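Trainee: Could you take me through one part of this structure in detail? I'd like to follow a single helix from its shape to its partner.

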Amino acid sequence: MVSYIIRRLLIAIPVLFGVTIFNFLIINMAPGNPVEMFIDPNTSPELIELRKEQLGLNAPLWIQYFKWLGNLFQGDLGFSFTTYEPVTQVVGERLGPTFLLMGTALLLGIIIAVPLGILSATKQYSFLDYFTMGVSFLGISMPTFFLGLGLIYIFALQLGWLPTGGMMTLGGDGGIADRLRHLILPAFVLSILIAGRMIRFVRASMLEILGQDYLRTARAKGLREFVVTNKHALRNALIPIITVIGLEIPFMLGGAVILEQIFQWPGMGQLTIQSIFSRDYPTLMAINYISAIVVLFSNLLTDIFYSIADPRIKYQ
Amino acid sequence: MSTAQLNMQNQTAPTGREEGPELQISKEESYFRMIAGRFMKHRLAVAGLIILMIIIFMAIFAPWIAPKNPYELSGSFGAPPSSENILGTDQVGRDVLSRLIYASRVSLMVGIGAVAIYTVIGTILGAVSGYFGGWIDMLFMRVTDVFMSFPSLMVVLVVVSVLGPSLTNMIIIIGLLGWPPIARLVRGSVLSLKQMDYVKASVALGLGTPRILFLHILPNAIAPILVQATFGMAGTIIIEASLSFLGMGVQPPTASWGNMLTDAQSLTVLTDQPWLWVPPGLMIVISVLSINFIGDGLRDAIDPKSSK
């Protein structure tokens, strides 16, 4: 168990290096360079050349990479091209809202998917089952931006119940109730994206468990069906669901980019779009790097948690 | 499986419940027919296939179907639906219905093009990794881990924005970045297939490794690849639409269902001109839903246990 975790951590190290190399190469494919972007176009070519030399931009790519990597280890991700603040600070301010949105959506997704998945499995081939599977398919087939715009149109513009975007009312006190009202729509849209995929897993996992002998034993000793399903079966059915939660993280990060743009949610997704349009490469690089680390560690945690939750799984 | 018995009635009339005569089918045809027969029983998958056919037909014959030229500007800007323009006109006066029809070309091109590229890459990498094992496998799988660490939508968005948004770039970039799930799938299949006796027999016969791998092992791994590619096509269409929606995909004046929704980010368009954004949104949902149903039908047909 411990040796398994250590081995997983050791494997994660080269992958992490791979992530930095890939990330560095992507940004270096960008046309132009920071010097040309900032300097007055009338500057003489000699001066530009001198400045490039000073910034180390004429060094071979791999030397630039190791310099960048060295800074990365010291927690220095460079400065934003647009605000001139350290990138760590720019991105750090955006992490909170994104994690709030993702956390709420994940919770909401689980609340929607687990009961529906169980009902769907216990009442297989019923109307409810077909309906749930239909909803699940719609959830995975609906582009987040269309669902988001549709819900803004209905709940914000037509009914006027909820705000169209932002994290709190401008000039308001920013109380909890106000923040919650702003959170409902984006979190709901993201949770539908998650629930659509999760329902299928819960249903499939539950169906597999429901056919097992130990449940027949439980029924034979006279337990109520409710206890059999929700206590005996569910416990084992939930184990594979841990994996699904881990798999949802990259999807949520991607979904957040679009949702935050539509709902003007001041998180990392919105920052991604802003950085793309202002060609703020240091910030983009940091965002890419942070999301890759989040994905890598959520996969790692999933595997570790899985091995704790299910002692039947043996790792060499 | 030497022979397969299947209900021929159901092949011609998928919704029919009457029992037809049971036929015995020759060995060569049996596997394909059995899968086709099971697929035909999945009503939603059949419906999805019909809708996808219609969309493909629409894309191929767009110039003859579209009532107007999708690039032609008319005098009426943002006009609501009328007998002249069935779905109204956009903000520069182009016919929305014609743009909707032409946009199906973009979605299908990205869906088919990008998925074809990454399925080939993923299949080759996965097959080599699974067959040779050892350090090649270790290296390939770590590279796969690296690519899988980036949220797909995010990394495609960043790379497209760096290299310049266009239809071709989008197809190539999604194609070059999307292969890891296929590679993992193929690797798993090859790992189990290479233990089988017929493969050992091929090795004993002295057949060349590429021949064993690509002519004897891979054909048996094709079914799950096909299912994965189908779902991949649905996912790719959503990625294309999302990028185009954000302005980082297909560039106007070329119409894409995604970029037709871009204007709806302004609240006035969203409120006052629903004919501009509801139809393209519905087209995305319908096409992606159809393809997902086809994928589900294929998966059930190939592995009936998966759906129970």
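Mentor: Happily; here is a close look at one helix of chain A, α10. This is a predicted model, in which local features need pLDDT of at least 70 and side-chain atom pairs count only at pLDDT 80 or more, while totals for chains, interfaces and linings use all residues. Residues are numbered from 1 along each chain as its sequence is written, and chains are lettered from A and ligands numbered from 1 in the order in which they are written.

Helix α10(A) covers residues 225–262; helices here are DSSP runs (H or I, at least four residues), numbered from the N terminus. With 38 residues, α10(A) has its end C-alpha atoms only 45 Å apart, short of the 56 Å a straight helix would reach at 1.5 Å a residue (the expected span is 1.5 Å times one less than the number of residues). α10(A) also has a kink of about 55°, centred on A:Leu234; the bend is the angle between axes fitted to the seven residues ending there and the seven starting there. After α10(A) comes A:Gln264, with a positive phi near 50°.

Now for the partner: α10(A) packs against α12(A), residues 281–309, at an angle of about 175°, with axes 9 Å apart (axes are lines fitted to C-alpha atoms over the stretch in contact, and angles run from 0 to 180 degrees between N-to-C directions). That makes the two helices roughly antiparallel, a term for angles over 145 degrees. Among the contact residues are A:Ile239 and A:Gly246 of α10(A) and A:Val294 and A:Phe305 of α12(A), contact meaning C-beta atoms, placed from the backbone, within 7 Å. The contact residues divide into ten nonpolar, six polar and no charged (Ala, Val, Leu, Ile, Met, Phe, Trp, Tyr, Cys and Pro count as nonpolar, Asp, Glu, Lys and Arg as charged, and the others, Gly among them, as polar).

How values were computed: Angles under 35 degrees count as roughly parallel, over 145 as roughly antiparallel, 65 to 115 as roughly perpendicular and the rest as oblique. Two residues are in contact if their C-beta atoms, placed from the backbone, lie within 7 Å.
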